[in-house]
Structure formats: structure tokens, C-alpha cells
Amino acid sequence: MSKLELITHVYEYNEWANDRLLDVASGLSAGELSAGRGASFDSVLSSFAHVAAGQIVWLERWLGGENATPLLELQKMPDLGTVRASFLASHAGLRELVSGLTDERLEAPLEYRDSRGDEYSRPLWQLMTHVANHGTYHRGEIAMMLTGLGHSPGDLDFSFWEYEHHA
Amino acid sequence: MTWTEHVRGTYAYNEWANSRLLDAAARLTDEQLTSERGGSRGSLAENLAHLVNTQVGWSDVISEADFTPQPPLPEKDIMAALRTRFGESHARLREITDGLTPESLAAVVRRERGGQMHGYPRWQMLLHLATHGTQHRAEIGVALLALAASPGDLDALFFFPDLGAEG
């Protein structure tokens, strides 16, 4: 088992799970998308925006060492169409990154700065597993809210996806 | 950090985040814990039970032990029962992860699915269990927040602060 194999699986799953939720959320009204429902970022729309913005920010750090725009600015997405476009671009960027990865690059420390200018250095594979976990967490909140609105996204488990796509 | 160290860190985070949920839920009455709150399993109590029962079940699979059926939750003193079950499960997961080697992570473990036996690398099972925990903690977190019993921030960044700021 290599970290490359793990990261490849995890990011394929990440994209599938994001797209699954987006498809379900497309059945909501604008009001339902924006209504406060008590999640970390309150609404379905804001939660999606936060996940997309998080992916964008971290991808910028992995590619260039820093993110140009703070997360709080990036996640100001007014509607689901904007969110979808952000995910589309982000997923394409992540696929390109993952397809070019090697175990050596995953193991190597990546130096990056956050938007405050603070500097950090961590192996790339640790950062990538963190971002994947972050997506999973907020997707759990989104799934809860969608279910509460009568739009359950169904089974989002990694083992379900793994069985369906790699068995 | 080695791969086995990362898995141990992931499960240390899992235990920390579960404990935050339990501490928050302990502020609620049995009536609040058993009232319908949405999510995968309806009530907070049942969602917490699902979280820990899944840990127990997958611990059995991962360690190739016989399945340990879990009894239903009691009608009273629910949190005491949950804390005991979580405590035992966390101790077992620590034992499992402490004993991991690169070889045992890569080793194929067989489990029954859909009436047939399938083989999966142990690392995939551990990844699935950790991901499952993150997702369901998010659902539980939303329900707790709605009852004014926020568990606080469960993002991995707060357990691993040297990953850097989110924005």
C-alpha cells in the first residue's frame, strides 16, 4: 500500500461525494439553500461554499505555497451555480495534481503560508488527508440538513463508494 | 511521520472528537437525547450509538475477531451507557492502532458483504472507519447545536494545530 494509492482513492471519493450532494441540493429552492439550519456555516449553501473554498485555498498552497485570497472571502458564494462552478474547477485542479503525484512528492515537506503570512511545513500527504477529512465533516452536516429538508443524499460511506467503484 | 504514526494520530483525533461530543451530550436530558433530531438514526442517542457500534463492529473486522453484538441503549442513564461503550471501544482501537505495522496495514482482511466474502486491505477499513466517524460526528454536532449544546469546533486543525490556519 502506498500513500499515493491512498490519496488517489480518497480524492476520487471526495469528488464523488461532493458531486452527489450537489446533485441532491439542486432540488432545493433558493430559500431552502440559504436558510439557517444550525450547521457550522449555518446553511446548506454556505456549508458547500466553505468546502469548495477550503479545497481551493489548500490547492493553491500545494501548488504555489500560499493562497492568494483568504478563505472567508472565497466562500462568499451567492448561489448554487457559483458553488458548482467552484467545485468543478477545484476538482479539475485536484485531479491534475493527484495524477502527477509521486510517493516522493507526497512524503516531501511542503512549505506554505496562510493568509496571515504565518509559515508552515508539513508533508503533503498529511495536508491532503486533512483536507479530505474536512470535506467529509462538512458533508456530514450538509447531508443532515438535506435529509431534514426531505432530500436524503443516501449512503455516502467511503466503504460504499469503494465497493461500488473498485470491487 | 510514518504511515502507522499517521493512523495512530487519526485515531487519537477520532477519540478526542468523540469525547467532545459526549461531553456536550452529557448536558442534555434523557428526553432530549431520545427525541427525534434527524440525521441517519433519528435521535441523538441512536446516532451516538450508531457511531460507537460501528467502531465496535469494524474493530472486530479489522482484528479478524468474532462479531460482538451490541445491546440496545437503556431507557435511563443513557449517557453512562454510551460513555462506557465509547471508553471500551477507544481502548480497543488504541490497542489495534498501537499494534499496526506497515505490513499489517497492507494485509488483506476478508469480510462478508452482500452474502459474499470480499477482501480489503486493512488500511482501507481503517480509513473507512475514520471517515465514517467524521461524517456522523458532523451530523451529531448539528443536532447538539440545535439543542444549545455545541461540542465546539471538531475540525482536525484544532487537534493538529501545526497544520496551520484554515484561511
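**Two chains and where they meet**

Let's start where the chains meet: chain A puts 39 residues into the contact and chain B puts in 34. Keep in mind that this is a predicted model. On the side of chain B that touches chain A, the elements giving two or more residues are α1 (3-25), α5 (102-106), β2 and α6 (122-146) of chain B. The top contributor on that side is α6(B), with 15 residues. As for chemistry, the residues on this side of chain B split into 15 nonpolar, 13 polar and six charged.

Now take each chain on its own, beginning with chain A. It's built from eight helices and two strands, and if you walk along the sequence you meet them as α-α-α-α-α-α-β-β-α-α. The radius of gyration of chain A comes out at 16 Å, close to the 15 Å that the globule rule gives for 167 residues, so chain A is as compact as a globular protein of that length. Its C-alpha atoms fill a box of roughly 45 × 45 × 25 Å along the principal axes. Of its 167 residues, 41% count as buried. And how do its contacts spread along the sequence? Counting contacts in chain A with a separation of 6 or more, 65% are between residues 24 or more positions apart.

For a close-up in chain A, pick L45(A), which sits in helix α3 (residues 44-64) of that chain. Is L45(A) buried or exposed? The cut-off for buried is 20 or more other C-beta atoms within 10 Å, and L45(A) has 23 C-beta neighbours inside that distance, so it counts as buried. If you set aside the neighbours within four places in sequence, L45(A) is in contact with L33(A), S34(A), L80(A) and V83(A). You can also use L45(A) to get a sense of scale: its C-alpha atom and that of A132(A), 87 residues further apart along the chain, are separated by 19 Å.

Over to chain B, which has seven helices and two strands. From the N terminus on, the order is α-α-α-α-α-β-β-α-α. Its radius of gyration is 17 Å, which agrees with the value near 15 Å that a compact globule of 167 residues would have. Along the principal axes, the C-alpha trace of chain B spans about 45 × 45 × 25 Å. Here 37% of the 167 residues count as buried. Among the contacts in chain B between residues at least 6 apart in sequence, 66% join residues at least 24 apart.

One helix of chain B is worth a slower look: α4 (residues 78-98). At 1.5 Å a residue, its 21 residues should span 30 Å, and the end C-alpha atoms are indeed 30 Å apart. Which residues of α4(B) are buried? They are I78(B), L82(B), R85(B), F86(B), S89(B) and L93(B). These residues cover an arc of only 100° around the axis, which puts them on the same side of α4(B). The general reason is simple: an α-helix has 3.6 residues a turn, so residues three or four places apart point the same way. What covers the buried residues of α4(B) includes α1, α2 (30-34) and α3 (44-62) of chain B. Turn to the face of α4(B) away from the buried side and you find the exposed residues A80(B), T84(B), A91(B), E95(B) and D98(B).

Last stop, the two strands of chain B. Strand β1 (residues 108-113) and strand β2 (residues 116-121) run antiparallel and are joined by six bridges. If you want to trace the pairing yourself, V108(B) has P121(B) as its bridge partner in β2(B), while R110(B) has G119(B). Two residues lie between the strands in this hairpin, and G114(B) takes a positive phi near 60°. How many of the six residues of β1(B) are buried? The number is zero, so β1(B) lies largely in the open. Its partner strand β2(B), as we saw at the start, is among the elements on the side of chain B that touches chain A.

Methods. Residues numbered from 1 in each chain as written. Chains lettered and ligands numbered in written order. Predicted model: local features only at pLDDT ≥ 70, side-chain atom pairs only at ≥ 80, totals over all residues. Buried ≥ 20, exposed ≤ 12 C-beta atoms within 10 Å, placed from the backbone. Helix = DSSP H or I, 4+ residues; strand = E, 2+ residues; numbered from the N terminus. Pairing = 2+ DSSP bridges. Rg over C-alpha atoms; globule rule 2.2 N^0.38 Å. Contact = placed C-beta atoms within 7 Å. Nonpolar A, V, L, I, M, F, W, Y, C, P; charged D, E, K, R; others polar. Expected span 1.5 Å × (residues − 1). Arc of directions from axis to C-beta.
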